[in-house]
Amino acid sequence: MLSKIVRTVANQLIVFILIFGLYVIAHGHLTPGGGFQGGAVIVSGVVMLLVAFSSKELKKSLRERVLSIMESTGALIFVALAFAGIGTAFFYNLLVGTPIFGRIPAPGPNPGDFWTGGVIPLMNLAVGLKVVAGLSAVVLALALFASGEEVEE
Amino acid sequence: MTFILESGYAFWNPLIWLIAFAVVMVVVYFFRRRGKKEYKKDTAQTRIFLCGEEVPEAEQRHIRVGNIYWGFFETLKEYYNQVLRPHTGIINDYILWFVAITAISAIILLIAGLAK
Amino acid sequence: MAALIAQSPILIIAIPLAAAFLTLPIGMASKKARNALVIVSLTFVVFLVFALARDISINGIHVYTLGATSPDLTIPKGFMVPVRIILEVDGMSMLMAIIWSIVSLAAAIYSLSHIANETGQNRFYTLLLLMVTGGFGMMFTGDLFNLFVFLEIASISGAALIAFRTRFADTQEGGFKYIVVSAIASLMVLFAIGLLYSQYNLLNIGALAQVIQYTTLDKIALALLLIAFTMKAGMVPLHLWFPDAYSVAPASITGMLVITSHACMYAAFRVCFTLYGGMLDAPVVGWILIVFGILSMFVGVTMAIFQKDVMRFMSYHAISQLGYMWIGVGVGLAVLGNADLVATYGRDAISGGVFHILNHAMYKPLLFFTGGALFHCTGTRDLTKMGGLAHKLKWTTVLYIIGTLSISGIPPLNGFSSKILIYESVYQFHPILTITGIIVSILTLASFTKAFHSAFMGAELPEYKKVKEVPRSMIIAMVILAAGIVFITLFPSLIVNWTIHPAADALIDQGPYINAVTGAIP
Amino acid sequence: MRKVVGLILLLVLVAFLVWGVLLIHPFGYPPSDMDDYIIDNAQEQTANNNVVASVVFDYRGFDTLGEATILFTAVTGVLLLLRTLKRREESS
Amino acid sequence: MEHIPLNFPFLAAALLVGISFYIIIFKKNLIKLIMGIAMMASGVNLFLVALGYRAGGNAPIYTDVPEGPMVLPVPQALTLTSIVINVAVLALMLTIVIHIYRHTGSLDSEKSRKMKG
């Protein structure tokens with residue numbers, strides 16, 4: 001566990017990191033970014049917490065079991081979104097043209113509309129959830145194992 | 001349904017072999033039937049007889065794997081010395097072999113391409 | 001039913017995947033429900049594979065375009081080349097899928113009791129299902145980059161499963177060697193894919209095969225692809241990691257890893273026959289495969305005789321048996337350009353090699369499972385510590401004998417039917433190949449006799465007085481594979497006509513594979 | 001000995017790689033049939049401004065599913081290998 | 001061959017792969033070996049992403065894009081996939097190395113060769 005200054009700053013910064021990560025995930029269909037990138041940003045925040053507080057402290061609030069279930073959920077949502085189009089073909093983008101995320105942008109350069117992209121924004125969210133949970137679980141497990149703590153099954 | 005597998009020049013029919021196998025089994029059974037019926041378990045009749053000597057314990061009786069085919073390995077000692085050399089167990093060497101074979105096969109492919 | 005078959009290529013990949021994602025949450029709630037999920041999903045996959053196989057034997061190649069407005073629409077309207085990922089299932093992929101579905105089901109059943117005393121079972125089954133997914137993906141995909149992705153799925157889950165028993169040092173070493181080798185092999189595959197993409201701006205195998213020129217760049221890409229896949233398949237002299245990794249995994253996983261080796265072999269064949277096909281400098285590549293095949297056969301079997309570790313001994317035999325397939329298919333490849341020779345013996349050689357994949361995939365997992373049963377009972381893999389186990393393990397002994405006879409090519413068992421196909425056809429290409437094959441066969445029988453004697457025969461050893469027959473699920477798994485052996489033994493011609501010849505024809509003629517992608521321009 | 005042979009073979013392989021990459025199209029002028037199709041049609045077909053996102057999640061979505069699966073596999077593998085062997089320790 | 005200076009990114013990628021092969025073959029420390037693999041992955045990723053560059057191109061994102069050609073999107077997607085795959089491989093490798101260290105007390109690849117022959 002590092003000094004109080006570091007811990008306080010980390011406590012404040014994590015909010016901004018979370019917001020930025022969520023922004024990157026949510027705007028993956030409009031700007032550079034997406035589920036993997038945004039997820040990695042959020043996990044960098046988790047790593048910062050891990051350095052500032054110890055893995056023992058962090059384990060109280062982030063449990064591997066919960067992270068595992070979150071990860072499975074994200075993966076299942078992703079597969080379910082892929083399966084949703086199976087009426088036509090697996091991975092068919094079935095939301096194109098519907099009011100939910102289905103608006104077709106003007107061809108060529110345009111300012112961007114949040115409600116576009118079909119299933120892509122939803123897949124970004126699912127992947128983001130998966131990456132956040134999965135990579136946090138890995139980092140936490142490695143830190144716990146290295147410090148001789150128990151990693152729950 | 002045909003059992004015959006054609007292989008260009010010859011053919012292979014498992015049925016014939018199965019029939020032959022069955023015949024052999026019948027013969028074996030016949031010989032076995034001719035054995036003595038009055039055979040008592042857990043008497044001296046079933047124990048191992050070794051010229052009247054003391055029979056060694058099970059552990060000593062069993063021929064362990066290290067002793068089987070001793071002559072084979074002794075004859076092929078030179079070969080085994082050579083073939084064991086690359087089996088170092090070091091991961092770096094494994095990758096070196098990959099690099100070597102890739103380089104050699106690339107050379108072969110390019111030279112063969114030039115010859116065409 | 002028709003709709004199910006139309007969707008089945010993706011379902012075969014996606015069902016184990018979805019089951020893998022579900023395994024962890026369900027396993028936390030109930031152990032029995034998790035086991036049921038694993039077995040039921042794999043059984044359903046077996047059913048789908050056989051339904052698809054029947055459909056393919058009637059209707060020919062099956063394509064499935066992911067994300068298109070219709071699964072048959074391989075090329076978008078008004079365009080020349082495929083853009084989306086296409087799954088393409090032909091005779092060869094179907095044969096591999098049949099093998100993989102049966103072996104993975106048997107391995108899952110075997111695991112039920114083989115790892116019953118270990119911790120971390122939920123994640124074990126998750127990884128097992130992911131490995132199944134990876135294997136099916138490699139077999140079905142028609143896209144090079146997708147092949148790389150599924151190769152990685154199979155490799156990573158395989159490495160984690162090899163290192164499953166973390167309390168032993170050698171498992172960690174084996175897992176590390178496996179993952180380093182697979183990482184480098186797959187990076188080289190990726191580099192080669194980049195080289196091909198840079199020239200043709202295509203990733204689909206069929207579309208690439210249509211335009212490929214066999215330039216210098218293509219030759220370098222071929223060398224990288226071929227050697228990377230053969231390294232993953234375990235060909236001498238790139239086999240060094242193979243026994244290290246395979247001997248330490250849980251036996252059920254070793255059985256499956258053998259099939260992932262076959263899948264890499266399949267990928268190598270796909271690259272040679274389908275991707276390069278007619279443009280390939282066939283005799284040269286064929287001779288490369290033949291020479292390394294002979295080396296594999298001979299070095300594999302001589303190293304195997306030498307071994308004292310039962311799983312390691314069987315791993316070396318796997319290398320040796322892979323050699324038969326390399327020479328069978330290599331001879332077919334060497335004469336590929338010559339239609340007469342292909343008709344005289346080339347097709348038979350390829351059929352023999354491909355048939356040997358099927359046979360090997362039945363008896364080698366069976367033998368690995370019996371090796372695992374020995375480990376289960378005695379707690380050691382060391383043959384020097386074993387003896388007299390036939391007194392206790394009656395089922396295991398019988399199944400081991402079946403496997404032994406089959407691998408040594410003793411008639412009438414199935415190993416013989418594929419070996420006769422290889423011997424007869426390869427003899428016409430070069431007699432030395434057949435002679436080597438027969439010598440290797442004899443040595444195989446000799447080494448298995450040695451292992452049989454030291455593990456099963458002899459007096460009952462005092463330390464194994466309390467050993468009991470292995471649990472029922474392990475026996476069931478072994479009996480499934482033994483039943484496969486008996487079936488192939490009894491009906492070789494049926495199997496050859498129904499699955500092997502379509503597979504061999506799919507390799508020989510790349511035309512249908514290309515047409516299935518590019519011919520369907522609306 | 002090993003070092004010399006290894007270096008020579010390594011240099012041969014690297015020479016091939018270098019020779020190969022020098023034969024590729026000039027940097028910045030790639031052949032681009034498939035990619036042009038995607039750039040032209042992505043907005044209409046996937047209703048999406050970000051063409052890379054359309055490739056990642058639509059045209060080559062199956063790769064991304066595989067990629068997510070690989071991440072899942074690795075996480076599962078890491079947690080599997082770092083698990084506590086508590087039950088085992090108690091019994092032994 | 002008049003475009004050799006233009007092909008410099010490809011050359012850099014190939015050399016990166018070559019250097020990492022050197023590290024993997026000649027460095028006996030397992031952590032260095034893993035670093036070599038990570039470097040090789042970077043080389044391959046650099047190669048892939050360089051393949052898709054178009055002279056003067058913009059990022060292939062239509063949101064407020066300036067006029068001009070766009071770089072190829074497929075190599076970028078492939079690189080993204082490849083990066084994530086390599087993260088996964090590295091995580092697993094490091095985990096196994098931790099275990100190897102706990103068992104053998106050493107990171108030397110010549111020490112972790114219980115199995116040979």
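Which residues do ring pairs link into a cluster? Select A:Phe78, A:Phe83, A:Phe90, A:Phe91, C:Phe150, D:Phe57 and D:Phe62, and you have the answer on screen: ring pairs join them into a cluster. Keep in mind as you click around that this is a predicted model.

**Stop 1: more rings**

That cluster is a good way into the aromatic side of this structure, which holds 51 aromatic pairs over all chains. Let's zoom in on a couple of them.

Start with C:Phe21 and D:Phe72. Their ring centres are 4.8 Å apart and their planes stand at 85°, so this pair is edge-to-face. Now colour by chain: C:Phe21 belongs to helix H1 of chain C (residues 2-29), while D:Phe72 belongs to helix H4 of chain D (residues 61-81), so the pair joins two chains. Switch on a surface if you like, and remember that C:Phe21 and D:Phe72 are both buried.

Next, pick C:Trp287 and C:Phe429. Here the rings are tilted, with 40° between the planes and 5.4 Å from centre to centre. How many residues apart are C:Trp287 and C:Phe429? The count is 142, so follow the chain and you'll see that this pair links distant parts of it, with C:Trp287 in helix H11 (residues 282-306) and C:Phe429 in helix H15 (residues 414-429) of chain C. Is C:Trp287 buried or partly exposed? C:Trp287 has a relative accessible area of 36%, so it counts as partly exposed.

**Stop 2: charges over rings**

Rings can have other company too. Select C:Lys364 and C:Phe368: the lysine lies over the face of the phenylalanine, at 5.9 Å from the ring centre. Then hop to D:Lys3 and E:Phe26. The charged end of D:Lys3 sits over the ring of E:Phe26, 5.4 Å from the centre of that ring.

**Stop 3: salt bridges**

Time for charges that meet charges. Side chains of opposite charge can pair when their charged atoms come close. Over all chains, the structure holds 20 salt bridges.

Select C:Arg381 and C:Asp309. They form a salt bridge, and the closest N and O atoms are 3.1 Å apart. Where do the two partners lie? C:Arg381 is in the loop between helix H13 (339-378) and helix H14 (394-407), and C:Asp309 is in the loop between H11 and helix H12 (310-334), so look in chain C for two distant parts that are linked across 72 residues. Why does C:Arg381 count as buried? Its relative accessibility is 15%, and buried means under 20%. C:Asp309, at 16%, counts as buried as well.

For a contrast, go to C:Lys392 and C:Glu460, whose side chains meet in a salt bridge of 3.2 Å, N to O. C:Lys392 lies in the loop between H13 and H14, and C:Glu460 in the loop between helix H16 (431-455) and helix H17 (472-490) of chain C, so the bridge ties together parts 68 residues apart in sequence. C:Lys392 is partly exposed at 26% relative accessibility, and C:Glu460 is partly exposed at 23%.

Now try chain D. D:Asp63 and D:Arg60 meet in a salt bridge with 3.0 Å from N to O, and D:Asp63 and D:Arg60 are both buried.

Before moving on, select C:Glu173, C:Lys177, C:Asp244 and C:Arg312 together. These residues are linked in a network of salt bridges.

**Stop 4: a nonpolar patch on chain A**

Go back to chain A and select A:Leu2, A:Ile5, A:Val6, A:Val9, A:Leu13, A:Val15, A:Phe16, A:Ile19, A:Val47 and A:Val51. They make a nonpolar surface patch of about 880 Å². Helix H1 (4-26) and helix H2 (35-52) of chain A are the elements that give two or more residues to the patch, and H1 of chain A brings the largest share, with 7 residues. Click on A:Val15, one of the residues in helix H1: at 44% relative accessibility, A:Val15 counts as partly exposed.

**Last stop: chain E**

Finally, show chain E on its own. What does its secondary structure come to? There are 3 helices and 0 strands, and from the N terminus on the elements run α-α-α. Rotate the chain: its C-alpha atoms fill a box of roughly 60 × 35 × 20 Å along the principal axes. A compact globule of 117 residues would have a radius of gyration near 13 Å, but chain E has 19 Å. Buried residues make up 56% of the 117 residues in chain E.

Methods:
Residues are numbered from 1 along each chain as its sequence is written. Chains are lettered from A and ligands numbered from 1 in the order in which they are written. This is a predicted model: local features need pLDDT of at least 70, side-chain atom pairs count only at pLDDT 80 or more; totals for chains, interfaces and linings use all residues. Side-chain values use heavy atoms; hydrogens and water are left out. Patches are made of residues with over 30% relative accessible area and no salt bridge: like charges are joined within 9 Å, nonpolar side chains (Val, Leu, Ile, Met, Phe, Trp, Tyr) within 5 Å. Accessible areas come from the Shrake-Rupley method with a 1.4 Å probe; for residues, only the protein chains shown count as cover. A salt bridge is a side-chain nitrogen of Lys or Arg within 4 Å of a carboxyl oxygen of Asp or Glu. Helices (H or I, at least four residues) and strands (E, at least two) are DSSP runs, numbered from the N terminus. Buried means under 20% relative accessible area, exposed over 50%, partly exposed in between (1.4 Å probe, protein chains only). Rings of Phe, Tyr and Trp (its six-membered ring) pair if their centres lie within 6.5 Å; planes under 30 degrees apart count as stacked, over 60 as edge-to-face and the rest as tilted. A charge sits over a ring if NZ of Lys or CZ of Arg is within 6 Å of the ring centre and within 35 degrees of the ring normal. The radius of gyration is taken over C-alpha atoms; the globule rule is 2.2 Å times the number of residues to the power 0.38.
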